[in-house]
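Open the model in your viewer and switch to a cartoon view with side chains available on demand. The stops below go from one strand to its sheet, and then to some charged side chains.

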Amino acid sequence: MGYYSTITLPFGQAYLVEQNGHLTHLLFEKEDLVSLINLDLQERDTELLKNAKLQLEEYFKGKRKMFTIPLSLEGTTFQKKVWGALLSIPYGESRSYSDIAHAIGKPTAVRAIGQANKKNTIPIMVPCHRVIGKNRTLTGYAGNEIDKKALLLDIEKISYQVN
């Protein structure tokens with residue numbers, strides 16, 4: 001059994017999901033929450049979910065640079081390597097998809113890095129928004145939600161260009 005809770009972010013409602021004492025999802029769409037029906041989720045503000053909400057609120061106010069919530073990410077070995085590299089990008093800094101590919105020892109896997117970012121189930125806390133195009137342009141985020149990526153980069157004062 002797991003738990004979920006709703007939070008209002010600057011770009012709308014989001015849903016936090018906890019299983020076995022770890023945050024497993026930060027979802028931007030109610031449909032994505034419904035798709036997790038097999039997880040037997042109950043709506044409840046657990047201590048972990050309350051703490052996650054508090055940390056996200058502090059982040060959006062510019063008062064938090066690091067998250068300390070226990071995370072659980074399910075994915076392939078490759079995806080986990082990518083997400084590990086994302087977690088190593090400091091607040092206020094960015095990397096290109098190529099930089100991440102090189103960091104995980106797969107320099108030709110630039111497109112696969114983008115796909116792994118798309119599969120990240122805990123955006124913001126696993127900062128896929130900090131990965132931008134080599135020429136500093138914004139590219140995909142949470143599918144095609146570039147406005148969310150721009151807002152997150154603005155909070156962290158990371159410069160970028162809009163195509």
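Start by selecting residues 22–27, which make up strand β3 in this predicted model. Colour the strand by accessibility: five of its six residues are buried, so β3 is mostly covered by the definition of under 20% relative accessible area.

Next, add residues 12–19, strand β2. β2 and β3 pair in the antiparallel sense, over five bridges. To find your place along this pair, pick V17, which stands opposite H25 in β3. Then follow the chain round the end: the two strands form a hairpin with two residues between them. In that turn, click on N20, whose phi is positive, about 50 degrees.

**The sheet**

Now bring in residues 2–9, strand β1. Strands β1 and β2 run antiparallel and are joined by eight bridges. A handy marker here is Y3, which stands opposite E18 in β2.

Select β4 (41–43) as well. What order do the four strands take in the open sheet? Reading across, it is β3-β2-β1-β4, with mixed pairing. β3 and β4 stand at the edges; each has a single partner strand, so one side of each lacks a neighbour in the sheet. Look along the sheet to see the turn between neighbouring strands, which is 30 degrees on average with direction ignored.

Then show helix α2, residues 47–60. α2 packs on the sheet and touches β1, β2 and β3. The direction of the helix makes about 20 degrees with that of β1.

**E18, a buried acid**

Go back to β2 and display the side chain of E18, which lies in that strand. E18 is buried but has no salt bridge. How far away is R44, the nearest side chain of opposite charge? The distance is 8.6 Å, and a salt bridge needs the nitrogen and oxygen within 4 Å, so this pair does not qualify.

What E18 does have is a polar contact of 2.3 Å between its side chain and that of T46. Display the surroundings too: beyond its neighbours within four places in sequence, E18 is in contact with residues including G2, Y3, L23 and T24. T46, L48 and L49 are also among its contacts.

**Salt bridges**

The model has five salt bridges. Three of them are worth a stop.

- Select K53 and D45. Their closest N and O atoms are 2.9 Å apart in a salt bridge. K53 counts as buried at 14% relative accessibility, while D45 is partly exposed at 38%.
- Select E58 and R64. This salt bridge has its closest N and O atoms 2.8 Å apart. E58 is partly exposed, with a relative accessible area of 23%, and R64 counts as buried at 18%.
- Select R130 and E156. Here the closest N and O atoms of the salt bridge are 2.7 Å apart. The pair links distant parts of the chain, 26 residues apart: R130 is in the loop between α5 (110–118) and β6 (131–132), and E156 is in the segment after α6 (146–155).

Stay on the last pair and turn on the surface. Are R130 and E156 buried or exposed? R130 is buried, with a relative accessible area of 5%, and E156 counts as buried at 4%.

To finish, put E18 and R130 on screen together. Both are buried charged residues; R130 forms a salt bridge with E156, whereas E18 has none.

Key. Residues are numbered from 1 along each chain as its sequence is written. This is a predicted model: local features need pLDDT of at least 70, side-chain atom pairs count only at pLDDT 80 or more; totals for chains, interfaces and linings use all residues. Side-chain values use heavy atoms; hydrogens and water are left out. Buried means under 20% relative accessible area, exposed over 50%, partly exposed in between (1.4 Å probe, protein chains only). Two strands pair if DSSP finds at least two bridges between them. A polar contact is a pair of N or O atoms within 3.5 Å; within protein, one must be able to donate a hydrogen and the other to accept it, and residues adjacent in sequence count only if both atoms are side-chain atoms. Contact means heavy atoms within 4.5 Å. Axes are lines fitted to C-alpha atoms, for helices over the stretch in contact, and angles run from 0 to 180 degrees between N-to-C directions.
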